[in-house]
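Here are some notes to read alongside the structure, written for someone who is new to looking at models of this kind. Please keep the sequence and the 3D view open as you go through the points.

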Amino acid sequence: MTEILHLLSTRRSVPPVSLTGPGPSADELGTLLKIAARVPDHGKLAPWRFIVFQGEARERAGQIVVDGFKRREPQADEARIGAEAKRMTMAPLIIGVVSTAKEGAKVPAWEQELSAGAVCMNILLAAKGLGFDGSWLTNWFSYDREVLAQLGVHEGERMAGFIHIGRATQVPDDRPRPDLTQIVTYF
Ligand SMILES: Cc1cc2nc3c(=O)[nH]c(=O)nc-3n(C[C@H](O)[C@H](O)[C@H](O)COP(=O)(O)O)c2cc1C
């Protein structure tokens, strides 16, 4: 099996709690971002952009998440607040993929959003290719406009995912995969 097929057929998401540093170097981050932008894109609209969270900036992002959480759940206890505080700081690098799809462009918004999904997958695979692991998470705050605004996501944009990247301390066992007989038909 070629290396790329092996990667594709064995890849597993590794949750942020099992991702540690050191994260990608500046060069490696450059490679990840270049590959992120190299996806199928009908109409060449580049209908996405990226927000990089690394180093100390993760703490500031984490505080924004905590503040948003407390606003939504003022009764939450310290344990739950503590868990929220860690969301943006566990992995050494998070790349936020923002869909900037627009209605009325020369291709449907749906296709532009699909392209943002391809970006997320490209980042995950490129990270794996560089020897890292990762996971694609949205979390509740991908749908909270106040938190998004403070993270730099504008009105009309959507968060396609926060791609968490680091070195795996533990890779989960595989999970059952879909039964192809249930999802494949031959026309
Ligand atoms: C758009 C998108 C958002 C996701 N958001 C979350 C999330 O917020 N929390 C979570 O536990 N898993 C989330 N997942 C699922 C994980 O990324 C991953 O697919 C899952 O843990 C299964 O692992 P696997 O990729 O090894 O099959 C999301 C997946 C996608 C495609």
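The points below take up the nonpolar core, the surroundings of the ligand and one helix residue.

1. Please bear in mind throughout that this is a predicted model.

2. The largest nonpolar core contains 35 residues, and those with the most contacts inside it are Ile-95, Val-97, Ile-123 and Ile-163. Two or more residues come from each of several elements, including the helices α2 (26-36) and α3 (57-72) and the strands β3 (93-99) and β5 (158-168). Helix α5 gives the most to this core, contributing seven residues. As background, nonpolar side chains in soluble globular proteins tend to be buried together.

3. Ile-163 is a useful residue to select in the viewer: leaving aside residues up to four places away in sequence, Ile-163 touches Ile-94, Ile-95, Val-97, Cys-120, Ile-123, Leu-124, Gly-134 and Trp-136.

4. Around the ligand lie Arg-12, Ser-13, Ser-135, Trp-136, Leu-137, Thr-138, Asn-139, Gly-161 and Arg-175. Sorted by class, this shell has two nonpolar, five polar and two charged residues, and strand β4 (residues 133-137) gives the most to the shell, with three residues.

5. Is Leu-114, a residue of helix α5, buried or partly exposed? Leu-114 counts as partly exposed because it has 19 C-beta neighbours inside 10 Å, whereas a buried residue needs 20 or more. The C-alpha atoms of Leu-114 and Arg-87 are separated by 26 Å, and the two residues are 27 residues apart along the chain.

Conventions. Residues numbered from 1 in each chain as written. Predicted model: local features only at pLDDT ≥ 70, side-chain atom pairs only at ≥ 80, totals over all residues. Core = buried A, V, L, I, M, F, W, Y, C linked by C-beta atoms within 7 Å. Buried ≥ 20, exposed ≤ 12 C-beta atoms within 10 Å, placed from the backbone. Helix = DSSP H or I, 4+ residues; strand = E, 2+ residues; numbered from the N terminus. Contact = placed C-beta atoms within 7 Å. Near = placed C-beta within 6 Å. Nonpolar A, V, L, I, M, F, W, Y, C, P; charged D, E, K, R; others polar.
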